[in-house]
Amino acid sequence: MTFTEKDLKYIWHPYTHQKNMAAPIMIDTGKGALLIDAKGNEYIDAISSWWVTIHGHAHPYIAKKIYSQAKKLEQVIFAGFTHKPAVRLAENLLPLLPGNFEKIFYSDNGSTATEVAIKMALQFAANTGRSKKLVLAFKDAYHGDTFGAMSTSSRGIFTKAFNDKLFDVIFLDKPTLANIGNIKLEIENIINDIACFIYEPLLQGAGGMKMYDGNALDQLLVHLKHAGVICIADEVMTGFHRTGKLFASESIPTTPDIICLSKGLTGGTLPLGITACTLEIYNAFVNDDKAKTFYHGHSFTANPIACTAALSSLRLLRRKKCKKKIEQIIRRNKKFADKLRRLNFEKPIKNIRELGTIVAFELVTSSEDSYLNDLPATFTPFCMEQGVYLRPMGNTIYIMPPYCITKTELKKVYTVIEKFLKALPIPT
């Protein structure tokens, strides 16, 4: 029995329709922007393996650092103990965060980072004697797959089986300069009962790469913070230069009270989550009353090897070479998006947009715009045959490459997308 056959027999893959599932491709190695399968075929990883691998695969600097750490200390309980990688990471990261953050709470992925943030905000209200219990989020939001994170995510295919188990959340339209007044009116009568507002700044990733106005978001944040609402920026995907800035919240004058990080945090090497908060929030948990303690944690909280990977990734991000590569990707993506716009009247594509290192658009099909659209069944295999890995979300096609991608590799990604579009019939 081959490894692929064993995989089909023993393993349940995420976000994958199981009936008649195509055999997964066995990846043996990765190098830079490339994934290399067991037969030696190379694929350009144009979505950074679910948005995490920002420096590319098997980066030698990160690998060297985690190897050295693994020989010294691989894991220790983080209640009553600490270690240098966790302290150094917090010390180096806090000054870079967009806001007055002074404390970091470690977890192990993006969903748990947002889960921590929601619990932190709700308990802050309770600890400070406030009867605030309402939670705000945006329509089309996605904050993770744990129950608190799901509750603050827009109801849809991801949450359908669990909707009756999720707590109520007030979902708002994404703000624009035209509708921000109506949004404020919508929450006027309940604003003093709102404990927190969680949002993905500028870009909703899993919701379909939806981009929205930062100026209108700023107006909403000012309004909410004036009423004492804790604002939580979910930067699990938008962090670490994905939108151009180190953090998307840097593009918005009003900063959050809590920020959630994961994905690119370790350069995609190991799972790690961070929830950072202001001193005001932290101090609400410092009390003689033990019931006001934040009783939350994970077995692998602040894992030393993961913290070491994050420190290594952060050092790479701060190098001039990496910043230059990011700027090049942004410029090339803009040119590609402009080229797609010129095709817009000839091919069935719409809503072409770019932000930072991301380009996205929708392919107009006979099916509705949704995650269940059948486009991935034809688009991904076509791209793989050409040596490029792209995985659309329904009929939303997007590019989010690792920063190490070469000019030649990125040009090939663009060319493969264009080749697919050119093979489509021109709509009449």
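**Nonpolar cores and overall dimensions of the chain**

The largest nonpolar core comprises 93 residues, of which Leu93, Tyr106, Phe197, Met209, Phe240 and Leu390 touch the most other members. The model examined here is predicted. Among these residues, Phe197 was considered in detail. When residues up to four places away in sequence are not counted, Phe197 touches Leu136, Ala137 and Phe138. Further along the sequence, Phe197 also touches Leu217, Leu220, Leu221 and Leu224, together with Val229, Ile230, Cys231 and Ile232. Apart from the largest core lies another core, of 23 residues, including Ala117, Ile230, Ile258 and Ala284. In soluble globular proteins, nonpolar side chains tend to be buried together. In the present chain, 51% of the 428 residues count as buried.

With respect to secondary structure, the chain contains 13 helices and 16 strands. The radius of gyration is 22 Å, close to the 22 Å given by the globule rule for 428 residues, so the chain is as compact as a globular protein of that length. Along the principal axes, the C-alpha atoms fill a box of roughly 65 × 55 × 45 Å. Of the contacts in the chain with a separation of 6 or more, 70% are accounted for by residues 24 or more positions apart.

The surface and the charges were then examined. The accessible surface of the chain amounts to about 20,700 Å², and 55% of this area belongs to carbon and sulfur atoms. The chain carries 53 positive and 40 negative charges, and the mean positions of the two sets are 8 Å apart.

Conventions:
Residues numbered from 1 in each chain as written. Predicted model: local features only at pLDDT ≥ 70, side-chain atom pairs only at ≥ 80, totals over all residues. Heavy atoms only, no water. Core = buried A, V, L, I, M, F, W, Y, C linked by side-chain atoms within 4.5 Å. Buried < 20%, exposed > 50% of the residue type's maximum accessible area, 1.4 Å probe, protein only. Contact = heavy atoms within 4.5 Å. Helix = DSSP H or I, 4+ residues; strand = E, 2+ residues; numbered from the N terminus. Rg over C-alpha atoms; globule rule 2.2 N^0.38 Å. Areas by Shrake-Rupley, 256 points an atom, 1.4 Å probe, with all protein chains shown as cover. Lys, Arg positive; Asp, Glu negative; His and termini not counted. Charge placed at Lys NZ, Arg CZ, Asp CG, Glu CD.
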